[in-house]
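Ready for a few exercises in reading a model? Take a look at the sequence and the structure, then work through each task before you read its solution.

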Amino acid sequence: MLAVLGCLSSGEGAPTTVREPGQALHAHLADSLAALDLEAVRSAVRIADLGAGAGFPGLPLAIALPASQVRLVESHRRKCAFIERVCQTAAIDDARVVWTRAEEWAEGMEANDIVLARAVAPPPVVLEYSAPLLRVGGMLVDWRGRRNAEEEAAATAAAAELGLQLDSICSKQPYPGVRAHHLHTYLKVAPTPARFPRRAGVARKRPLGC
């Protein structure tokens with residue numbers, strides 16, 4: 001974990017504005033590790049982190065779960081290069097960077113026990129990205145801030161089209177003083193229809209459930 005913080009604080013290509021070690025310890029590491037409260041995450045073999053950015057929550061969870069295979073899915077090459085440097089520096093052997101869009105990751109279709117999404121997109125978009133990548137029985141874990149009834153209703157409608165079902169919305173306080181942090185979890189209860197994923201970019205332009 002210290003090696004990950006060191007890469008952030010160096011500022012060398014780090015795709016995040018939170019680089020001071022004390023702040024990063026809370027905003028990135030503690031927030032990422034909140035998912036360990038979920039038994040499904042602790043027991044997962046294949047985990048995909050969508051829109052991995054600077055490597056959170058995927059890298060901390062890869063360190064905490066050495067028996068898991070973590071794939072960090074990111075479409076921006078510069079961010080991928082940063083994550084690869086962190087993996088090398090911190091000797092994180094169970095994590096691999098995947099340079100692609102979620103909709104175009106053919107190898108990942110129906111192959112993951114857990115999909116992680118933190119600050120990626122509105123809920124219906126995250127659901128559409130995630131559902132095709134999950135095996136039946138798998139779980140999406142979506143980091144959210146303050147609850148929003150309209151967003152949650154749209155997410156419920158989108159989930160019904162994708163073979164997903166809301167499992168829980170858990171309030172979290174991963175570090176002192178934090179407010180309105182929630183983990184939204186969805187179970188894949190049925191196969192995702194063959195029309196998904198739609199073409200790259202369509203989920204954002206025409207989100208389900210809206």
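**Exercise 1. Find how many aromatic pairs the whole structure holds.**

Step 1: ring centres of Phe, Tyr and Trp (its six-membered ring) must lie within 6.5 Å, with planes under 30 degrees apart counted as stacked, over 60 as edge-to-face and the rest as tilted.
Step 2: a search of the whole structure gives zero aromatic pairs.

A word on the ground rules: this is a predicted model, where local features need pLDDT of at least 70, side-chain atom pairs count only at pLDDT 80 or more, and totals for chains, interfaces and linings use all residues. Residues are numbered from 1 along each chain as its sequence is written, and side-chain values use heavy atoms, with hydrogens and water left out.

**Exercise 2. Find what lies over the face of W99.**

Step 1: a charge sits over a ring if NZ of Lys or CZ of Arg is within 6 Å of the ring centre and within 35 degrees of the ring normal.
Step 2: R77 is placed over the face of W99, 4.9 Å from the ring centre.

**Exercise 3. Describe how β2 and β3 pair and how the chain gets from β2 to β3.**

Step 1: helices (H or I, at least four residues) and strands (E, at least two) are DSSP runs, numbered from the N terminus, and two strands pair if DSSP finds at least two bridges between them.
Step 2: β2 (residues 69-74) and β3 (residues 95-99) are parallel partners, joined over five bridges.
Step 3: V73 has V98 in β3 as its bridge partner.
Step 4: between β2 and β3 the chain passes through helix α5 (residues 77-90), in a right-handed β-α-β crossover. Right-handed applies if, with the strands pointing away from the viewer, the path from the first strand over the helix to the second runs clockwise.

**Exercise 4. Check the span of α5, then work out where its buried residues fall.**

Step 1: the expected span is 1.5 Å times one less than the number of residues.
Step 2: the 14 residues of α5 should therefore span 20 Å, and the end C-alpha atoms are indeed 20 Å apart.
Step 3: with buried meaning under 20% relative accessible area, exposed over 50% and partly exposed in between (1.4 Å probe, protein chains only), the buried residues of α5 are C80, F82, I83, V86 and C87.
Step 4: seen down the axis of α5, these buried residues fall within an arc of 160°, so they line one face of the helix. The arc is that of the directions from the helix axis to the C-beta atoms.
Step 5: R78, Q88 and T89 are exposed on the other side of α5.
Step 6: an α-helix has 3.6 residues a turn, so residues three or four places apart point the same way.

**Exercise 5. Repeat the analysis for α7 (residues 149-162).**

Step 1: α7 has 14 residues and reaches 20 Å from its first C-alpha to its last, close to the 20 Å expected.
Step 2: its buried residues are E152, A154, A155, A158, A159 and L162.
Step 3: they cover an arc of only 160° around the axis, which puts them on the same side of α7.
Step 4: A149, E150 and A160 are exposed on the other side of α7.

**Exercise 6. Locate the cis peptide bonds that precede P57 and P197.**

Step 1: from F56 to P57 the bond is cis, with omega near 10°, and P57 sits in the loop between β1 (46-50) and α4 (58-64).
Step 2: F196 and P197 are joined by a cis bond with omega about 0°, and P197 is in the loop between β7 and α8.
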